[in-house]
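User: I'd like to take a close look at one part of this chain and then see how the rest is arranged around it. Could you walk me through it in plain terms, starting from a small feature and working outwards?

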Amino acid sequence: MSTRPYRAAVATATAALLAQATLTGTPARAAGAPQGWTGTWGTAPAPAAPTGISQEGIDNRTVRMVVHASAAGGELRLRFSNAHGTAPLALGTSTVALAGSGSSPSAAPGTLRPVTFDGGATGTTVPVGAEVLSDPVPFDVPADRNLLVSVHLPRPTGPTTWHWLAQQSNYVSEPGDHAGESAGSAYTRTETSWFFLTGVDVRGPGTRGTVVALGDSQTDGVKSTQDADARWTDALARRMTADPATRGMGVLNEGIGGNRILRDGTETDRPQRGTSALGRLERDVLDRPGVRTAVLYEGINDLQLEPRATSAQVLDGLRTMAGRLRARHIRVVVGTLTPFKDSPFYTPEAERARVEVNTTLRSPAALAAFDTVVDFDAAVRDPADPQRVRAALDGGDHIHLNDTGYRTLADAVPLTALTGGDVPGAHGRKS
């Protein structure tokens, strides 16, 4: 699948938004105001699957999506992507609210707020291959709380830009604009994917920058409990909020199930696996707001899926990404690859390559390329059989983890690796 000019389109769209803000007299931030945005939630966009709602598209319905805030703020903005669309995407009425109790599409009473674009417009159009930001919305965003983002899609979208494995119930309405309704009765269809929405950013006195996790299905949280926010990145965010040294930093989960470092998903090989990690690094990490640290936890699919990569190729890919990140003054944490014996794609050859990758990452020489190496493998492997995940942490397919396993990964990350002991906000982009 060809790569569209996403970065150029984003730059054009962002410049237009900034110009509009100038023309409409949007006030500059006063002295002492927050210095920039922090990502509180994010996901990686991917092409539509060959069949189903993502390929058929959505027409004159409202989607209501549940997203989990990792960092608190007093103001938010939304990101919508048409990265893989085939036609301009019309966004109609959009709203944000705190989610009500339980797993339902109803908003908490009194919390629903309108979202505008381009300096006050109720909707906008996202060009093919582009991303747009909403106007800032005054909104009290608590950490570790679910938000509801609703958007009416007034015209046929064509194949969607989506994130297929959300581990989260999301909702599609009956025909019409239902974004402004606090009640969830119009949302009669449940999907386990996010559509077009790729980020929520927050700003406030306590926001302190962003950690981005780039990975595959383990980062995506496959086999974690549905609607429980039990991915390892969720557990990490809770640890960070509980610690004064990292409180106010957000965590973005940019994992894609089946993703590889070196190869894109293709039309014949599950396009929803997305652009390779090397190909999406700019969009999904470098272009996120206030990035201080990136966690690279990927490579097992390169080793186990045909055509298989070698351990040397995986390591070269990780080093290349680390070099690009460090050139932008972003700290780089890399994780060793966890066991997968008896999983569907296990082979002795792939296991040997995994061991080679991990041995190299554990060597002192690895710190020339990476700031910190986190030994995820050692954290979850079975001491009696190091090629296997411990039974108590196994999600059932011998490669993905259960909720306890994902918490174990999060606990293996030293919080000092995310800050380096530096001044908050000293790394990454300030947009």
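Analyst: Happy to! Let's begin at the paired strands S21 and S22: strand S21 covers residues 381–382, and S21 and S22 pair in the antiparallel sense over 2 bridges. Within that pairing, Arg381 stands opposite Val389 of S22. The two strands form a hairpin, with 2 residues between S21 and S22. Please keep in mind throughout that this is a predicted model.

From the hairpin we can step to a neighbouring helix. S22 (385–389) is one of the elements that the buried residues of H8 pack against. The others are helix H6 (300–304), helix H7 (311–327), strand S19 (331–335), strand S20 (372–374) and helix H9 (376–380).

What about the length of H8 itself? Helix H8 has 15 residues, 348–362, and at 1.5 Å a residue it should span 21 Å; its end C-alpha atoms are 21 Å apart, so the expected and modelled spans agree. The residues of H8 that are buried are Ala350, Glu351, Ala353, Arg354, Val357, Asn358 and Leu361. Seen down the axis of H8, these buried residues fall within an arc of 160 degrees, so they line one face of the helix. If that spacing looks familiar, the general rule is that an α-helix has 3.6 residues a turn, so residues three or four places apart point the same way. Notice that the buried set includes Glu351 and Arg354 alongside residues such as Val357 and Leu361.

Two of the partners of H8, strands S19 and S20, lead us to a sheet. They belong to an open sheet of 5 strands in the order S17-S16-S18-S19-S20, with parallel pairing. The edges are strand S17 (250–255) and S20, each pairing on one side only. From one strand to the next, the twist of this sheet averages 20 degrees. Inside the sheet, strand S18 (residues 291–297) runs parallel to S19 and is joined to it by 4 bridges. One example of that pairing is Ala294, whose bridge partner in S19 is Val332. Helices pack on this sheet too. Helix H4 (residues 232–242) touches strand S16 (210–215), S17 and S18, and its direction makes about 170 degrees with that of S17. H7, which we met as a partner of H8, also packs on the sheet: H7 touches S16, S18 and S19, and its direction makes about 180 degrees with that of S18.

Now a few backbone details around these helices. In the loop between H6 and H7 you will find Pro307. A cis peptide bond joins Glu306 to Pro307, with omega about -10 degrees. Another spot to check is Lys223, in the loop between helix H3 (217–220) and H4. Lys223 has phi near 80 degrees, a positive value in a residue other than glycine, and it is partly exposed, with a relative accessible area of 43%.

Elsewhere in the chain, the pairing takes the antiparallel sense. An open sheet of 6 strands is ordered S6-S5-S10-S2-S12-S13. Its edge strands are S6 (113–115) and S13 (189–191), each pairing on one side only. The twist in this sheet averages 25 degrees from one strand to the next. At one end of that order, strand S5 (residues 94–98) runs antiparallel to S6 and is joined to it by 3 bridges, and Thr95 stands opposite Pro114 in S6. In the loop that leads from S6 to strand S7 (124–126) sits Asp118. Asp118 has a positive phi near 55 degrees, in a residue other than glycine, and at 32% relative accessibility it counts as partly exposed.

Strand S15 is worth a stop as well. In S15 (residues 197–203), 7 of the 7 residues are buried, so the strand is largely enclosed by the rest of the structure. Strand S1 (residues 38–42) runs antiparallel to S15 over 4 bridges, with Gly42 paired to Gly199. Strand S3 (residues 73–81) also pairs with S15 in the antiparallel sense, over 6 bridges, and there Phe80 has Leu197 as its bridge partner.

Stepping back, the whole chain comes to 11 helices and 22 strands. Of its 431 residues, 58% are buried. Among contacts between residues at least 6 apart in sequence, 81% join residues at least 24 apart. The chain exposes about 15900 Å², and carbon and sulfur atoms supply 55% of that area.

Note on methods
Residues numbered from 1 in each chain as written. Predicted model: local features only at pLDDT ≥ 70, side-chain atom pairs only at ≥ 80, totals over all residues. Heavy atoms only, no water. Pairing = 2+ DSSP bridges. Axes fitted to C-alpha atoms, helices over the stretch in contact; angles between N-to-C directions. Expected span 1.5 Å × (residues − 1). Buried < 20%, exposed > 50% of the residue type's maximum accessible area, 1.4 Å probe, protein only. Arc of directions from axis to C-beta. Contact = heavy atoms within 4.5 Å. Areas by Shrake-Rupley, 256 points an atom, 1.4 Å probe, with all protein chains shown as cover.
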